[in-house]
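Dear colleague,

I am handing over the structure we spoke about, and I would be grateful if you could look through it with the notes below at hand.

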Amino acid sequence: MKLSLHHSLLTFLFVCFIASCTEPVEHTAPAVRARDSVAVMTSWGVNTLISDSGVIKYRIVTEKWEVNENKRPPRWIFEKGLFLEQFDEKFHVQAYIQCDTAYYYSQKKLWELRSRVRVRTKDGLRFTSQELFWDQNTHELYSNVFSRLITPDRTLQGSYFRSDEKMTRYMVTNTKGSFSQSDLEGGNSDSGTSAAEQDSIQKSQRSQAVPERGGKQ
């Protein structure tokens, strides 16, 4: 009886062993990244010209350029820094723009520049801040944080900045420094902007929309 029981146990274990060796096992693993984070294109060591309507407008120099159309909103991502030259119709350099991180929202035609933003124009104007937005639809530049503007003969700094694309007409609120009203409004007056005017400007800007980052990308 013991021998028969022992033999049956060995037979059962042998069958289980054979089944475990022959039965296929499916191995699964989670996706490396979610689909909405996958870039359409990633380029390294970029130095290229960008045209608009057949006219060369910009030169982009960056260590890494990522194009992601799956994110909402779609964007170009420059996480390793960006150096950009802006040209006029005759291919003359109008301005240099530099920053540590940049995003270009292709559908909105909006640039978002972050961290150590530097701008220098052909006229010698220099701008520094930790943030700068460039709306190519309205042809405006603006910043909602402390910014400093240096021209060949004066210095301005304040908590809000707005300018045209060429930085020939600009406005700075909560300003400190030496400036004339013609710098702010394009007029001929040499007097500074009054406190009431600055307050009115600030109130009008509070409703201006600022693009959402949508989290760290």
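What follows is an account of the aromatic pairs, the salt bridges, the main pocket and some points of backbone geometry.

Please keep in mind throughout that this is a predicted model.

I begin with the aromatic residues. The structure holds 12 aromatic pairs. In one of them, the ring centres of W76 and Y104 are 4.8 Å apart and the planes stand at 55°, so this pair is classed as tilted. Since W76 belongs to strand β3 (residues 75-78) and Y104 to strand β6 (residues 101-105), the contact ties together parts of the chain that are 28 residues apart in sequence. Both partners fall under the 20% limit for burial: W76 is buried with a relative accessible area of 18%, and Y104 counts as buried at 9%.

W76 also takes part in an aromatic pair with W111, which is edge-to-face, with 6.4 Å from centre to centre and 85° between the planes. Here strand β3, which holds W76, is tied to strand β7 (residues 110-121), which holds W111, so that the pair joins parts 35 residues apart in sequence. W111, with a relative accessibility of 4%, likewise counts as buried. If you would like to view these contacts in their setting, please display Y58, W65, W76, F78, Y104, W111 and W134 together, as ring pairs link these residues into a cluster.

I turn next to the charged side chains. The structure holds 6 salt bridges. One of them joins R59 to E85, with the closest N and O atoms 2.8 Å apart. Because R59 lies in strand β2 (residues 55-68) and E85 in strand β4 (residues 82-87), this salt bridge ties together parts that are 26 residues apart in sequence. The two residues fall in separate exposure classes, given that R59 is partly exposed, with a relative accessible area of 25%, whereas E85 is buried, with a relative accessible area of 12%.

A further salt bridge brings together the side chains of R116 and D100, again with 2.8 Å from N to O. R116 is placed in strand β7 and D100 in the loop between β5 (93-99) and β6, so the pair ties together parts that are 16 residues apart in sequence. D100 counts as partly exposed, at 25% relative accessibility.

Salt bridges with shared partners also join E112, R114 and E131 into one network. In addition, D153 forms a salt bridge with R154, where the closest N and O atoms are 3.3 Å apart, and D153 counts as exposed at 58% relative accessibility.

The next topic is the pocket. The largest pocket has a volume of about 660 Å³. How many residues line the largest pocket, and which of them lie nearest its centre? The lining is made up of 29 residues, and K57, Y58, Q86, W134 and E165 are the ones nearest the centre. Y58 and W134 are also members of the aromatic cluster described above. Among the strands, β1 (41-52), β2, β4, β5 and β7 each supply at least two residues of this lining. Sorted by class, the lining has 13 nonpolar, 7 polar and 9 charged residues.

Finally, some places in the backbone deserve a look. Most residues other than glycine have a negative phi, and most peptide bonds are trans. The peptide bond from R72 to P73, however, is cis, with omega near 0°, and P73 is found in the loop between β2 and β3.

Two residues with positive phi should be checked as well. S115, which is not a glycine, has a phi near 70°; S115 is found in strand β7 and counts as partly exposed at 25% relative accessibility. M167 is not a glycine either, yet has a positive phi of about 55°. M167 lies in the loop between β12 (160-164) and β13 (170-173), and, with a relative accessibility of 5%, M167 counts as buried.

With kind regards

Terms used. Residues are numbered from 1 along each chain as its sequence is written. This is a predicted model: local features need pLDDT of at least 70, side-chain atom pairs count only at pLDDT 80 or more; totals for chains, interfaces and linings use all residues. Side-chain values use heavy atoms; hydrogens and water are left out. Rings of Phe, Tyr and Trp (its six-membered ring) pair if their centres lie within 6.5 Å; planes under 30 degrees apart count as stacked, over 60 as edge-to-face and the rest as tilted. Helices (H or I, at least four residues) and strands (E, at least two) are DSSP runs, numbered from the N terminus. Buried means under 20% relative accessible area, exposed over 50%, partly exposed in between (1.4 Å probe, protein chains only). A salt bridge is a side-chain nitrogen of Lys or Arg within 4 Å of a carboxyl oxygen of Asp or Glu. On a 1 Å grid over the protein atoms alone, a cavity is a set of points where a 1.4 Å probe fits but cannot get out, and a pocket is an open set with protein on both sides within 12 Å along at least five of seven lines; lining residues have an atom within 4 Å of a point. Grid points are joined across faces, edges and corners, and a volume is the space filled by probe spheres set on the points. Ala, Val, Leu, Ile, Met, Phe, Trp, Tyr, Cys and Pro count as nonpolar, Asp, Glu, Lys and Arg as charged, and the others, Gly among them, as polar.
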